[in-house]
Amino acid sequence: MYQIIIKNGMVIDPGNGLFQQADVAVADGKIAGVGVFEADGTMVVDASGCLVTPGLIDHHCHLYPMAKIGIPAEAMCFPSGVTTAVDAGSTGCATFAEHLPAMEGGKLTVKAYLNVCSDGLDSLPRRMEEVAPETYDRGAIREVFQQYGPSLLGLKLRTSREIVGELGYSPLRETVKLADWLGVSVMVHCTNPPGEMEELLSCLRPGDVITHMYMNKGSTILGEDGAVSRSALDARARGVIFEAADARAHFSFAVSEPAIAQGFLPDIIATDLTRLSMNLRPTAFSMANQLAKYHMLGIPLERLIACCTSVPARHMGLEGQAGCLSPGAWGDVAVFQLADRETQFGDRPFSDPACQLRSGTRCLRPVLTVKNGETVFRDIMF
């Protein structure tokens, strides 16, 4: 007996090369298969006219209570089709353990990056975190990775000029050295870097993540001629991962439009949502809105879905478990209606005078989310 059968949807599963109309069956909390199934499940859903994808992965958000400004995890993620979330550096070595029960106590799968600042982002929004390399508690950081390694993906550093000040790129270089010692990856926030983007990218190794790739404050991935810089192309060629995580102001049409036109697409699409940006129009709003925005910018659906399923799953070491509809994978499924309606997308909130707007004609409306075979969200009209 299947727990649920989702019938007649357009299945998009980039990890398995699927883009076809089919049924998806879940049994015993796992994906049973994709194909044609008799309606003998305890729950049968007709997804005709809908997109059916693996449960989405938001590789960059901030969750409450790990961050005071964090989002209510399941209340925000499940209605957006997200079944796995990554807290991107809200906690440090002094605060991670106390928040582990919040990470493990719900139905949402949660992983985390550990901030190099011992207190993580606990001081926000009053003041920025401390990132001077001499304050890194290397021994305590190593102990956290040794004890809680399966919950952690790597180290996180925000390297904005407002945070690092006169320290420049020394915190980034020391973070990378620390990551080498620990054998983990680094995620670096790059908005308004303290120097040239070329220097920042030169510090990163294969598997490291540069987030906010389309920001336009300070040095960017574009050269003065408007072309994607040679340093960005070289970084991608050696395996650096480029992530679009937009929040309120870490994205711009001025950078994204020419970069996408030149074929420089995200490896990963995430949200960087906090309570300050969740459900905020016309910016990130939610994962579903992020995908609709990037679809408006010309990225095909199959590539979009890969950016928040198979690609982050592979980076997280969850290939074959999350982000796919392979038999035996977690029973995580998302269903969306492609709604034809005029929609405004922005690169800043409406309240920001610098806000630029674009119009699209399609949005993704989440209508069903299944986590480990259990329905955790369903639109009342679906």
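In this predicted model, alanine 244 stands opposite isoleucine 269 in strand 13. A second pairing along these two strands is that of alanine 245, whose bridge partner in strand 13 is alanine 270. In total, three bridges join strand 12 (residues 241-245) to strand 13, and the two run parallel.

**The sheet**

Strands 12 and 13 belong to an open sheet of eight strands, ordered 6-7-8-9-10-11-12-13, with parallel pairing. Strand 6 (56-61) and strand 13 (268-270) are at the edges with a single partner strand each, so one side of each has no neighbour in the sheet. From one strand to the next, the twist averages 25 degrees.

On its other side, strand 12 is joined to strand 11 (residues 209-211), again by three bridges and in parallel. Here valine 209 stands opposite isoleucine 241 of strand 12. Between these two strands the chain passes through helix 7 (residues 230-237), and this β-α-β crossover is right-handed. The next unit, made of strand 12, helix 8 and strand 13, is a right-handed β-α-β unit.

How many of the five residues of strand 12 are buried? Five of the five are, so the strand is largely enclosed by the rest of the structure. In a regular strand, side chains alternate between the two faces of the sheet. Both faces of strand 12 are covered: Ile241, Glu243 and Ala245 are buried on one side, and Phe242 and Ala244 are buried on the other.

**Helices on the sheet**

Helix 3 (residues 138-148) lies across strand 8 (109-115) and strand 9 (152-158), and runs at about 150 degrees to strand 9. Helix 9 (residues 287-296) also packs on the sheet, where it touches strand 6, strand 7 (82-88), strand 12 and strand 13. The direction of helix 9 makes about 130 degrees with that of strand 13.

**Helix 8**

Helix 8 (residues 253-261) has buried residues at Phe253, Val255, Ser256, Ala259 and Ile260. Viewed down the helix axis, the buried residues of helix 8 fall within an arc of 165 degrees, so they line one face. An α-helix has 3.6 residues a turn, so residues three or four places apart point the same way. Ala254 and Ala261 are exposed on the other side of helix 8.

What do the buried residues of helix 8 pack against? Their partners are helix 9, strand 14 (333-346) and strand 15 (357-371). Just after helix 8, glycine 263 has a positive phi of about 85 degrees.

**Salt bridges**

The whole structure contains 17 salt bridges. Three that link distant parts of the chain are listed here.

| Acidic residue | Basic residue | N to O distance |
|---|---|---|
| Aspartate 180 | Arginine 205 | 2.6 Å |
| Glutamate 162 | Lysine 217 | 2.8 Å |
| Aspartate 267 | Arginine 236 | 3.2 Å |

The side chains of lysine 217 and glutamate 162 meet in a salt bridge. Lysine 217 is in the loop between strand 11 and helix 7, and glutamate 162 is in helix 4 (residues 161-164), 55 residues apart. Lysine 217 counts as partly exposed at 42% relative accessibility. Glutamate 162 is partly exposed as well, with a relative accessible area of 42%.

Aspartate 180 and arginine 205 also meet through their side chains in a salt bridge. Aspartate 180 is in helix 5 (residues 170-182), while arginine 205 is in the loop between helix 6 (197-202) and strand 11, 25 residues apart. Is arginine 205 buried or exposed? Arginine 205 counts as buried because its relative accessibility is 17%, and buried means under 20%.

The side chains of aspartate 267 and arginine 236 form a salt bridge too. Aspartate 267 is in the loop between helix 8 and strand 13, and arginine 236 is in helix 7, 31 residues apart. Arginine 236 has 23% relative accessibility and counts as partly exposed.

Salt bridges also link Arg138, Glu174 and Lys177 in a network.

Conventions: Residues are numbered from 1 along each chain as its sequence is written. This is a predicted model: local features need pLDDT of at least 70, side-chain atom pairs count only at pLDDT 80 or more; totals for chains, interfaces and linings use all residues. Side-chain values use heavy atoms; hydrogens and water are left out. Two strands pair if DSSP finds at least two bridges between them. Helices (H or I, at least four residues) and strands (E, at least two) are DSSP runs, numbered from the N terminus. Axes are lines fitted to C-alpha atoms, for helices over the stretch in contact, and angles run from 0 to 180 degrees between N-to-C directions. Contact means heavy atoms within 4.5 Å. Buried means under 20% relative accessible area, exposed over 50%, partly exposed in between (1.4 Å probe, protein chains only). The arc is that of the directions from the helix axis to the C-beta atoms. A crossover is right-handed if, with the strands pointing away from the viewer, the path from the first strand over the helix to the second runs clockwise. A salt bridge is a side-chain nitrogen of Lys or Arg within 4 Å of a carboxyl oxygen of Asp or Glu.
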